Amino acid sequence: INAEYMGAIDLPGDASRQRTAYSFHRVFWPSSSQAAVYLDTLEPLVNSLFAGDSVCAISCGSMLVGKTHTLVGTLKHPGILPRFCADVFARILRLTRVESGCRLRVCMSFTSVSSAGIRDCNREVPQPSSSKLNDDAYRVDGWLLPGASLHELRSWEEAYAFLQSGPMRLALVEHAAAHQVTQLVLEQFDGVHRTRSAVASFLDLMPFSSHVLCVD
């Protein structure tokens, strides 16, 4: 594979096939830090989420190439998912300090998808004692994965505990057994009325899978 400066990846085929060029916006080398990857990919999407636009990050590729490490990372080197969550709660803290009538709610879900179906991991992992499982019937513009329950989180500390007990822990156990989907729902309220909502979806796809996860 040759990564050309012109902005394409050239994959040489066999004698009977033409070469195929794939365009890309950015290439990260092995020396790139987790922070650098986040700043150039997901960090700009925090603004989109607060503007009411749903966003999605997909980690895919062969086994042992660093998909899960890039997405969830480690305690010492957090990936793009915990960094995104930290920025969301930092923004909420700033907004609620300057706007007295501003109320925002964050809920998260964690599910795995395999040939056995969709598994709601929210109900299987320990949760922060101060958070609660939100069983409201609402769905946000149809973006939530069917069967996923929402866990309401009130602070970055609760969100990080959620990630540690869910995606960051199960990623080590089931990284090649199922697709893993973490979703963050941000709702904004004017008093009691919801004025805006959006979903950030993070997909860690298992390699060489015959089961396709479709995001419409």
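Here are a few friendly notes on two parts of this predicted model: a strand with its hairpin, and the largest pocket.

1. A good place to begin is strand E5, which covers residues 102–114. Arginine 105 sits in this strand. Is arginine 105 buried or exposed? Its relative accessibility is 15%, and because buried means under 20%, arginine 105 counts as buried.

2. Next, please look at the side chain of arginine 105. It makes a polar contact with the side chain of glutamate 187, at 2.8 Å. So the residue to find beside this buried arginine is glutamate 187.

3. Now follow E5 to its partner. Strand E6 spans residues 117–120, and the two strands pair in the antiparallel sense over four bridges. A hairpin of two residues joins E5 to E6. For one of the bridges, find serine 114, whose partner in E6 is glycine 117.

4. The other part to visit is the largest pocket, which holds about 940 Å³ of space. It is lined by 25 residues, and Phe28, Val37, Cys60, Gly66 and Thr70 are the closest to its centre.

5. Which elements supply at least two residues each to that lining? They are helix H1 (34–41), strand E4 (55–59) and helix H3 (67–71). The largest share is from H3, with four residues.

6. Finally, consider the lining of the largest pocket by class. Nonpolar residues number 14, alongside nine polar and two charged residues.

Conventions: Residues numbered from 1 in each chain as written. Predicted model: local features only at pLDDT ≥ 70, side-chain atom pairs only at ≥ 80, totals over all residues. Heavy atoms only, no water. Buried < 20%, exposed > 50% of the residue type's maximum accessible area, 1.4 Å probe, protein only. Polar contact = N/O pair within 3.5 Å; in protein donor to acceptor, adjacent residues only side chain to side chain. Pairing = 2+ DSSP bridges. 1 Å grid on protein atoms, 1.4 Å probe; cavity = no way out; pocket = protein on both sides within 12 Å on 5 of 7 lines; lining within 4 Å. Points joined across faces, edges and corners; volume = space filled by probe spheres on them. Nonpolar A, V, L, I, M, F, W, Y, C, P; charged D, E, K, R; others polar.
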